[in-house]
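User: Hey, can you walk me through this structure? I'd like to start with its pockets.

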Amino acid sequence: MTQLTFPQGFLWGTATASYQIEGAATEDGRGQSIWDTFSATPGKTWRGQSGAVACDHYHRVDEDIALMASLGVDTYRFSIAWPRIQPDGTGPANPKGLDFYDRLVDKLVAAGIKPMPTLYHWDLPQAFEDRGGWPVRETAERFGDYAAIVGARLSDRVHTWWTLNEPWCSAYLGYGNGHHAPGRTEPAAALAAVHHLNLAHGLAVQSLRAAGAEQVSIVLNPTQCRGEEEAVRVVDGIANRVFFDPILLGRYPADVIERTRHHTDWSFVQEGDLETINQPIDVLGVNYYSPTWLRAKPGEPESDVGPGTIGIETYTPEGLEFTDMGWAVDATGLTDLLVRIQKDYGVPTMITENGAAYPTGPGEDGEVHDDERVAYLRAHIAAVHDAIEAGADVRGYTAWSLMDNFEWAFGYDKRFGIVHVDYATQQRTPKDSAKFYSKVIADNGLTR
Ligand code: FCB
């Protein structure tokens with residue numbers, strides 16, 4: 001057994017997102033979001049479930065903060081629901097919405113937990129979708145206004161701001177294959193959404209800095225591509241470099257523009273946009289669950305990985321284990337990804353999400369013995385340590401998720417929490433993985 005110790009000051013946290021946990025969907029003036037609409041559309045989510053009640057976190061903030069404090073976390077990554085702040089996306093702030101997050105931030109600080117809000121974790125005010133959504137430039141511009149409102153109120157106490165969560169999902173799942181809200185299947189619109197999300201990030205960074213924000217960044221879900229070289233190069237462009245390059249280098253990758261010409265001429269990129277997008281960021285947020293394996297399959301339509309992937313398919317090699325999502329478990333992908341980001345972009349990183357869905361619930365003893373999740377976390381936290389040893393500047397690790405919650409199109413069928421939630425009673429029960437994680441935090445490391 002080797003003891004792996006993390007650098008001093010390494011931050012340990014847990015993460016959630018507004019629509020996945022808050023509930024209180026119509027309370028205190030919250031407007032409608034695209035996820036309310038999508039969930040109410042037959043056939044879009046598992047058993048038609050929605051986040052209308054979710055973990056009822058809106059009314060249980062104190063209990064949930066106490067839970068985090070008992071685990072000993074340094075930070076909490078949560079998201080702010082744009083429709084609580086601006087119910088139809090524009091105009092003055094809804095005071096009750098702002099107050100909710102203001103109190104949350106105060107309570108976190110009082111509990112010794114550093115707040116790390118995400119401004120956008122997918123709950124777009126429906127009013128914007130009615131006007132065209134992320135494929136339309138106005139959405140990005142108004143996002144900058146929203147960031148200014150929230151920044152002015154909370155920047156004095158926020159440790160790190162994340163502008164967007166996983167714009168890959170917003171663009172490609174929302175407008176490409178339609179698996180996520182708003183459920184559109186228009187490749188050209190998905191690519192316009194990519195650009196407007198990038199632009200929204202840049203505008204929000206400017207607003208937050210002007211409001212006195214300390215650390216500002218974005219959360220991406222770059223996929224570690226494995227398999228055949230050419231397929232890897234194509235998908236790395238469409239899924240990863242299309243975000244990395246404009247944000248960190250101030251340009252779009254030429255091969256991606258070329259590869260997607262049959263969908264769009266990219267004329268939505270206007271003069272000055274790349275300068276706006278290429279704002280200095282402090283630490284890149286990285287979400288990681290599983291790598292993607294790729295190979296050529298001539299004649300195949302575009303793969304699920306994004307527009308421009310004609311003739312490529314994803315596959316999973318033999319011999320791997322799978323989580324309840326059907327995602328292959330391969331922690332080496334996380335090490336490789338962090339080392340690659342360091343090498344190609346030289347930016348410090350933080351793991352803003354990592355975790356696994358397993359269905360394990362309370363046993364006869366009332367405890368939740370989620371050994372598979374413990375093994376997953378152990379392997380992936382060790383993989384982060386490997387990346388640090390290999391030279392990557394990784395600043396923290398945030399487990400997804402604090403508690404079981406509304407897993408988007410999968411509803412409540414998939415459980416990612418280190419704390420179990422009984423949705424009938426809203427009872428929270430820390431799983432064995434929560435106890436394991438709490439010890440990792442206390443020791444600032446683990447054994448392998
Ligand atoms: C990520 C999302 C997060 C959660 C996990 C499992 O893509 O950011 O909200 O659904 O996957």
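User: How big is the largest pocket?

Analyst: Its volume is about 1,200 Å³. On a 1 Å grid over the protein atoms alone, a pocket is an open set of points with protein on both sides within 12 Å along at least five of seven lines. The volume is the space filled by 1.4 Å probe spheres set on those points.

User: Which residues are closest to its centre?

Analyst: W168, L173, N221, T292 and W327, out of 38 that line the pocket. Lining residues have an atom within 4 Å of a point.

User: And which elements give two or more residues to the lining?

Analyst: Those are α8 (167-175), β9 (292-296) and β10 (312-315), and α8 gives the largest share, three residues. Helices (H or I, at least four residues) and strands (E, at least two) are DSSP runs, numbered from the N terminus.

User: Before I forget, what kind of model is this?

Analyst: This is a predicted model, where local features need pLDDT of at least 70, side-chain atom pairs count only at pLDDT 80 or more, and totals for chains, interfaces and linings use all residues. Residues are numbered from 1 along each chain as its sequence is written, and side-chain values use heavy atoms, leaving out hydrogens and water.

User: Cool. What's around the ligand?

Analyst: You'll find Q20, H121, W122, N165, E166, Y289, E353, W400, E407, W408 and F416 there, each with a heavy atom within 4 Å of the ligand.

User: How far is the polar side-chain atom of Q20 from the ligand's oxygen?

Analyst: That distance is 2.7 Å. For E166, a side-chain N or O atom is 2.5 Å from a ligand oxygen, and for E407 the corresponding figure is 2.8 Å.

User: New topic: how long is helix α14?

Analyst: Helix α14 covers residues 371-389, so 19 residues, and reaches 27 Å from its first C-alpha to its last, close to the 27 Å expected at 1.5 Å times one less than its number of residues.

User: Which of its residues are buried?

Analyst: Among them are R373, Y376, L377 and H380. Buried means under 20% relative accessible area, exposed over 50%, partly exposed in between (1.4 Å probe, protein chains only).

User: Is G9 buried or exposed?

Analyst: G9 counts as exposed because its relative accessibility is 62%. It sits in the loop between β1 (3-5) and β2 (11-15).

User: How far is G9 from G396?

Analyst: They are 387 residues apart along the chain, yet their C-alpha atoms are separated by 8.5 Å.

Conventions
A polar contact is a pair of N or O atoms within 3.5 Å; within protein, one must be able to donate a hydrogen and the other to accept it, and residues adjacent in sequence count only if both atoms are side-chain atoms.
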